[in-house]
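Me: I have a chain in front of me and would like the reasoning behind each label attached to it. Please set the values against the cut-offs.

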Amino acid sequence: MQFSGKVAIVTGAGSGMGRAIALLLAKRGARVVVADLDPPASQETVARIRDAGGDARYVQVDVSRPEDAERMVAFAVEEFGGLDILCNNAGINLAASATETDEEQWDRLMAVNVKGVFLGCKYAIPAMQRRGGGAIVNTVSTAGLRGFPNMAAYNASKGGAALLTRQLALDYARAGIRVNGVCPGVVDTPMTRRFMETHGDPEALAKSWEAIPIGRMAQPEEIAQAVAFLASDEAGYITGVLLPVDGGIMAG
Ligand code: NAP
């Protein structure tokens with residue numbers, strides 16, 4: 001998997017999986033736009049890419065805001081001359097049942113996890129069409145494939161992102177734009193650590209993870225490998241796929 005000459009945007013690249021994806025794509029030769037809310041964390045990702053000999057720039061975005069999504073794509077085109085790869089990875093989580101979820105929380109999860117994917121694609125696709133094609137990889141979740149207790153808004157948002165991925169794949173296949181999703185299970189990231197801290201019963205949560213068939217959570221780099229594959233020319237006949245990268249959770 002080589003990305004020499006390719007330009008990639010990775011959202012949520014200041015942390016966790018987004019950072020791992022940005023580092024891997026850059027290592028393989030892509031010029032990377034690190035798009036995230038958090039400037040210091042994103043500058044750290046950019047610095048790591050540059051220290052490793054790669055090329056990256058930071059743009060501050062809230063993926064739920066249309067003007068930010070449009071500016072993010074324009075930034076990639078202005079700085080690097082076009083756009084080939086979009087990784088819609090930014091996302092937020094909430095451990096709550098439907099009755100415990102207030103409307104504001106519901107709206108925010110939908111705005112970031114579903115609308116953010118829609119907006120990224122809305123502005124990236126025309127730029128990709130000008131290059132004759134491209135690849136979009138959305139970080140969905142096993143929570144986009146089945147229900148999990150105490151995750152009403154998150155489950156619904158990831159279900160939306162999953163079907164949006166499939167829908168987009170149909171509309172843009174003939175334009176040479178492939179749209180796929182990765183569905184991680186549990187990954188060792190700051191999001192997971194925060195989730196454990198705010199969960200009502202962290203011990204029960206940790207115990208439930210012992211049931212992961214592979215017997216451990218994933219490292220962000222393991223998810224990045226799957227994203228890079230789906231973004232690469234080696235996956236040229238793959239579109240509309242939601243790939244579990246979950247240590248076997250969805251097998252059971
Ligand atoms: P993370 O460590 O929290 O990193 C997410 C990054 O996205 C953070 O830098 C965050 O910035 C940024 N972000 C949040 N909202 C944003 C917005 N509106 N606009 C731009 N950037 C925003 O999370 P992660 O665990 O790497 O998760 C990455 C993706 O994987 C998410 O879509 C998540 O739902 C999904 N996922 C995670 C797991 C897991 O086990 N961790 C499993 C399945 C799927 P701030 O820190 O400033 O908020």
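**Labels and their grounds**

Reply: This is a predicted model. Helix 1 (residues 16-27) lies across strand 1 (7-11), strand 2, strand 4 (85-88), strand 5 (134-139) and strand 6 (177-184). Its direction is at about 170° to strand 1.

Me: What makes helix 2 a neighbour of the sheet, and which strands does helix 2 lie across?

Reply: Helix 2 (residues 39-51) lies across strand 2 and strand 3. Helix 2 runs at about 170° to strand 3.

Me: How do you know that strand 2 and strand 3 pair, and how many bridges join them?

Reply: Pairing requires at least two bridges between two strands. Six bridges join strand 2 (residues 31-36) to strand 3, so the two strands meet the criterion for a pair. They run parallel. Within this pair, V34 stands opposite Y58 of strand 3.

Me: In what order do the seven strands of the open sheet stand?

Reply: The order is 3-2-1-4-5-6-7, with parallel pairing. Strand 3 (55-60) and strand 7 (242-245) are the edge strands, each pairing on one side only. From one strand to the next, the twist averages 20°.

Me: Why is the chain called as compact as a globular protein of its length?

Reply: The chain has eight helices and seven strands. Its radius of gyration is 17 Å, and the globule rule gives 18 Å for 252 residues. The two values are close, so the chain is as compact as a globular protein of that length. Along the principal axes, the C-alpha atoms fill a box of roughly 50 × 40 × 35 Å.

Me: What share of the chain is buried, and what share of the contacts with a separation of 6 or more joins residues 24 or more positions apart?

Reply: Buried residues are 50% of the 252 in the chain. Residues 24 or more positions apart account for 72% of those contacts. The chain exposes about 11400 Å², of which carbon and sulfur atoms supply 53%.

Me: Why is L242 classed as it is, buried or exposed?

Reply: L242 has a relative accessible area of 12%. Buried means under 20%, so L242 is buried. The residue belongs to strand 7.

Me: Which residues does L242 touch, leaving out those up to four places away in sequence?

Reply: L242 touches V140, L145, A162, T165, R166, G181 and C183.

Me: How far is the C-alpha atom of L242 from that of T99?

Reply: The two C-alpha atoms are separated by 29 Å, and the residues are 143 apart along the chain.

Notes. Residues numbered from 1 in each chain as written. Predicted model: local features only at pLDDT ≥ 70, side-chain atom pairs only at ≥ 80, totals over all residues. Heavy atoms only, no water. Helix = DSSP H or I, 4+ residues; strand = E, 2+ residues; numbered from the N terminus. Axes fitted to C-alpha atoms, helices over the stretch in contact; angles between N-to-C directions. Contact = heavy atoms within 4.5 Å. Rg over C-alpha atoms; globule rule 2.2 N^0.38 Å. Buried < 20%, exposed > 50% of the residue type's maximum accessible area, 1.4 Å probe, protein only. Areas by Shrake-Rupley, 256 points an atom, 1.4 Å probe, with all protein chains shown as cover.
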